[in-house]
Amino acid sequence: MKKFGALLCMVIVIFSMAACGNIQAQTPADQAESPLEEGKPLSDLSEKSENADVQSEAMDSTETKAEGMQPDTISNEAENMTESAADTGDGETVPETEMSETAGTEADIPNGAEGDVMNMKVQVGDAVFSAALEENEAAASFVEMMRENPVSIQMSDYSGFEKVGSLGTSLPASNSQTTTHAGDIVLYNGNQIVIFYGPNSWSYTRLGHVDDLTGWEEALGSGDLTVTFSLE
């Protein structure tokens with residue numbers, strides 16, 4: 001009995017070892033034969049692998065660009081956005097330099113400077129009067145003459161209401177029918193200066209007007225005289 005029992009134990013041990021060896025031998029083989037998911041074709045897995053590679057490359061490219069952006073590049077992009085914000089309503093961009101120059105020009109003009117009127121002195125003997133000049137080409141040309149030197153004209157009395165004398169040169173006339181009054185200074189026939197101490201109506205180009213007529217008619221008198229025109 002003892003021999004039979006020992007023999008039975010050995011048989012059991014042998015079968016157990018054989019069974020374990022079979023399992024261990026099959027397990028790697030089974031694992032090697034099923035690396036793929038059950039029912040999944042090889043082409044599907046290949047496409048998944050390629051897609052994963054593309055996504056990985058895109059992420060690497062994005063990270064590389066983000067890491068490669070320098071602070072100067074970011075600053076330039078911000079400046080470009082600021083310049084775009086300065087567009088006018090019709091879509092045209094106004095450069096910052098031009099905007100600065102325009103603002104500076106407007107700020108340099110004092111209030112009322114555009115409305116300033118240039119005056120000239122009218123000297124008759126010892127009396128000096130101030131006349132406001134007109135804004136036209138004839139008056140501007142007369143001013144240029146006075147800038148060089150005072151203009152003295154020998155003038156004669158005419159009809160008891162004006163003094164007239166030759167300028168010696170012609171000015172750009174813009175004649176129109178005009179009713180004159182005491183203190184008016186006009187250009188007649190393009191080359192003669194007329195000053196009035198009474199009313200008249202004719203075709204003249206206005207040059208200026210004496211506002212303060214105190215002593216005006218007395219200074220002009222009734223005879224010939226020399227009148228000097230100069231800038232104040």
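**Strand pairing, salt bridges and the largest pocket in a predicted model**

Of the 232 residues of the protein chain, 20% count as buried. The model is predicted, and its chain contains six helices and nine strands. Among contacts in the protein chain with a separation of 6 or more, 61% are made by residues 24 or more positions apart.

Strand β1 spans residues 119–124 and has two unlike faces, one covered and one uncovered. M120, V122 and V124 make up the covered face, whereas N119, K121 and Q123 make up the uncovered one. Strand β1 pairs with strand β2 (residues 127–133) in the antiparallel sense, over six bridges. Within this pairing, M120, a residue of the covered face of β1, has A131 of β2 as its bridge partner. The hairpin formed by β1 and β2 has two residues between the strands, and G125 in this hairpin adopts a positive phi near 65°. Strand β1 is also joined to strand β9 (residues 225–231), by five bridges and again in the antiparallel sense. In that pairing V227 of β9 stands opposite V124, another residue of the covered face of β1. Strand β1 thus has bridges to β2 and to β9.

Positive phi values also occur outside glycine. Most residues other than glycine have a negative phi. S159, which is not a glycine, has a positive phi of about 60°. This residue is found in the loop between β3 (151–158) and β4 (162–166). N189 is likewise a residue other than glycine with a positive phi, in this case near 60°. The loop that holds N189 lies between β6 (184–188) and β7 (192–196). N189 counts as exposed because its relative accessibility is 54%, over the 50% limit for that class.

By the rule applied, the model contains three salt bridges. In one of them, the side chains of R147 and E144 meet with an N to O distance of 3.5 Å. Both residues belong to helix α5 (residues 137–148); because R147 and E144 are three residues apart in this helix, about one helical turn separates them. E144 has a relative accessibility of 46% and so counts as partly exposed.

Another salt bridge links the side chains of D157 and K163, at 3.0 Å from N to O. The two partners fall into separate accessibility classes: D157 is partly exposed, at 24% relative accessible area, and K163 is buried, at 0%.

The side chains of D184 and R206 also meet in a salt bridge, with 3.4 Å between N and O. D184 lies in strand β6 and R206 in strand β8 (residues 200–210), so this pair ties together parts that are 22 residues apart in sequence. D184 is buried, with a relative accessible area of 4%, while R206 is partly exposed, with a value of 29%.

R206 also appears in the surroundings of T178, a residue of strand β5 (residues 176–180). T178 has a relative accessible area of 6% and is therefore buried, the limit for this class being under 20%. When residues up to four places away in sequence are not counted, T178 touches N200, S201, W202, Y204 and R206. A polar atom of the T178 side chain lies 2.8 Å from the backbone oxygen of S176.

Three of the residues touched by T178, namely N200, W202 and Y204, also line the largest pocket. About 170 Å³ of space lies in this pocket. Its lining consists of Y158, E162, V164, Y188, Q192, V194, N200, W202 and Y204. Strands β4, β7 and β8 are the elements that give two or more residues to this lining. The largest share, three residues, comes from β8. Strand β8 therefore takes part in the lining of the largest pocket and also holds R206, the partner of D184 in β6.

Terms used. Residues numbered from 1 in each chain as written. Predicted model: local features only at pLDDT ≥ 70, side-chain atom pairs only at ≥ 80, totals over all residues. Heavy atoms only, no water. Buried < 20%, exposed > 50% of the residue type's maximum accessible area, 1.4 Å probe, protein only. Helix = DSSP H or I, 4+ residues; strand = E, 2+ residues; numbered from the N terminus. Pairing = 2+ DSSP bridges. Polar contact = N/O pair within 3.5 Å; in protein donor to acceptor, adjacent residues only side chain to side chain. Contact = heavy atoms within 4.5 Å. Salt bridge = Lys/Arg side-chain N within 4 Å of Asp/Glu carboxyl O. 1 Å grid on protein atoms, 1.4 Å probe; cavity = no way out; pocket = protein on both sides within 12 Å on 5 of 7 lines; lining within 4 Å. Points joined across faces, edges and corners; volume = space filled by probe spheres on them.
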